[in-house]
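Biologist: I would like to learn how to read a few features of a model. Please take them one at a time, with the general idea ahead of the case.

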Amino acid sequence: MMSKVTIISGSPSEHTRLNGALDYVVGFFKGVSHSPEIIQIRNLPANDLIHAKFDSKEIIEANKKIEDSSIILILTPVYKASFTGVLKTYLDLLPQNSLKNKTVLPIVIGGSNGHLLMIDYALKPVLAALGATHILKGTYIVDNQVTKLANNRYELDVEVKTRLDAELNILKPFLLAEKGVINTSI
């Protein structure tokens, strides 16, 4: 079965507060009977990313997940006032217009509110260059809004969950339409 939702995680670190957002988002989709594909860019072959090996088996497989999805979530921490280089390196390997006709939701975590506009001024222009025309507002999380628990688990504070829920609920009609459910309450 073709996946309709793909999550791209652009963190170079396995132990990151971004995992709190990732786990929350995956839980949301499971709650509406969807199992998203997850692309952990850090797990793609570094040599293929750095040398732009468009013919790499792993890159082709990751790109196929994007192609087969109608909803793309892009999660990244803020590094040097922008999204991570790892994420940029992967986005450079996506085919031209690969985000055309897809709904894209950016989710970003940073050290302070000083980088809040990174979504609009750094990430969205690159997504638009890839053909994205339906980019949701996005959710910016300050890292102190994510509590580190044991075993690489994290808990989001209530305010972050509320903002994430608002963005994720925008996606519900798209998910229901894919399952053939028609909303008659409109």
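Biologist: Is Leu 22 buried or exposed?

Modeller: The general idea is a cut-off: a residue with under 20% relative accessible area is called buried. In this predicted model, Leu 22 has a relative accessible area of 6%, so Leu 22 is buried. Leu 22 is part of helix H1, which covers residues 18–31.

Biologist: Which residues is Leu 22 in contact with, beyond its neighbours within four places in sequence?

Modeller: A contact here needs heavy atoms within 4.5 Å. By that test Leu 22 touches Ile 7, Ile 38, Gln 40 and Leu 75. Take the last of these: Leu 75 is 53 residues from Leu 22 in sequence, while their C-alpha atoms are 7.5 Å apart in space.

Biologist: How should I read Leu 94, and where is it found?

Modeller: Read it in the same steps. Leu 94 sits in the loop that runs between helix H4 (85–91) and strand S5 (103–110). Its relative accessible area is 6%, so this loop residue, Leu 94, is buried. With neighbours within four places in sequence set aside, Leu 94 is in contact with Asn 63, Ile 66 and Leu 130. From Leu 94 to Ile 59 there are 35 residues in sequence and 8.6 Å between C-alpha atoms.

Biologist: What share of contacts joins residues at least 24 apart?

Modeller: Count contacts between residues at least 6 apart in sequence, then ask what part of them reaches at least 24; here that part is 78%. As for burial, 46% of the 186 residues count as buried.

Biologist: How many aromatic pairs does a search of the whole structure find?

Modeller: The search finds 1 aromatic pair. The ring centres of Phe 28 and Phe 29 are 5.2 Å apart and the ring planes are at 80 degrees, so the pair is edge-to-face. The reasoning rests on the angle, because planes over 60 degrees apart count as edge-to-face. Phe 28 has 12% relative accessibility and therefore counts as buried. Phe 29 has 0%, so Phe 29 counts as buried.

Biologist: What should I make of phi at Lys 80?

Modeller: Most residues other than glycine have a negative phi. Lys 80, which is not glycine, has a positive phi, near 50 degrees. Lys 80 lies in the loop between strand S3 (71–79) and strand S4 (82–83). Its relative accessibility is 84%, so Lys 80 counts as exposed.

Biologist: And what is phi of Asn 97 near?

Modeller: Phi of Asn 97 is near 65 degrees, again a positive value outside glycine. Asn 97 is in the loop between H4 and S5. With a relative accessible area of 41%, Asn 97 is partly exposed, because that class lies between 20% and 50%.

Biologist: What radius of gyration does the whole protein have?

Modeller: The idea is to compare the value with that of a compact globule. For 186 residues such a globule would be near 16 Å, and the protein has 16 Å, so the two agree. The C-alpha trace spans about 50 × 35 × 35 Å along its principal axes. The protein has 6 helices and 9 strands.

Biologist: What remains to be read from the surface and the charges?

Modeller: The accessible surface is about 9500 Å², and carbon and sulfur atoms account for 55% of it. For charges, compare mean positions: those of the 20 positive and 18 negative charges lie 1 Å apart.

Methods
Residues numbered from 1 in each chain as written. Predicted model: local features only at pLDDT ≥ 70, side-chain atom pairs only at ≥ 80, totals over all residues. Heavy atoms only, no water. Helix = DSSP H or I, 4+ residues; strand = E, 2+ residues; numbered from the N terminus. Rg over C-alpha atoms; globule rule 2.2 N^0.38 Å. Buried < 20%, exposed > 50% of the residue type's maximum accessible area, 1.4 Å probe, protein only. Areas by Shrake-Rupley, 256 points an atom, 1.4 Å probe, with all protein chains shown as cover. Lys, Arg positive; Asp, Glu negative; His and termini not counted. Charge placed at Lys NZ, Arg CZ, Asp CG, Glu CD. Phe/Tyr/Trp six-rings, centres within 6.5 Å; stacked < 30°, edge-to-face > 60°.
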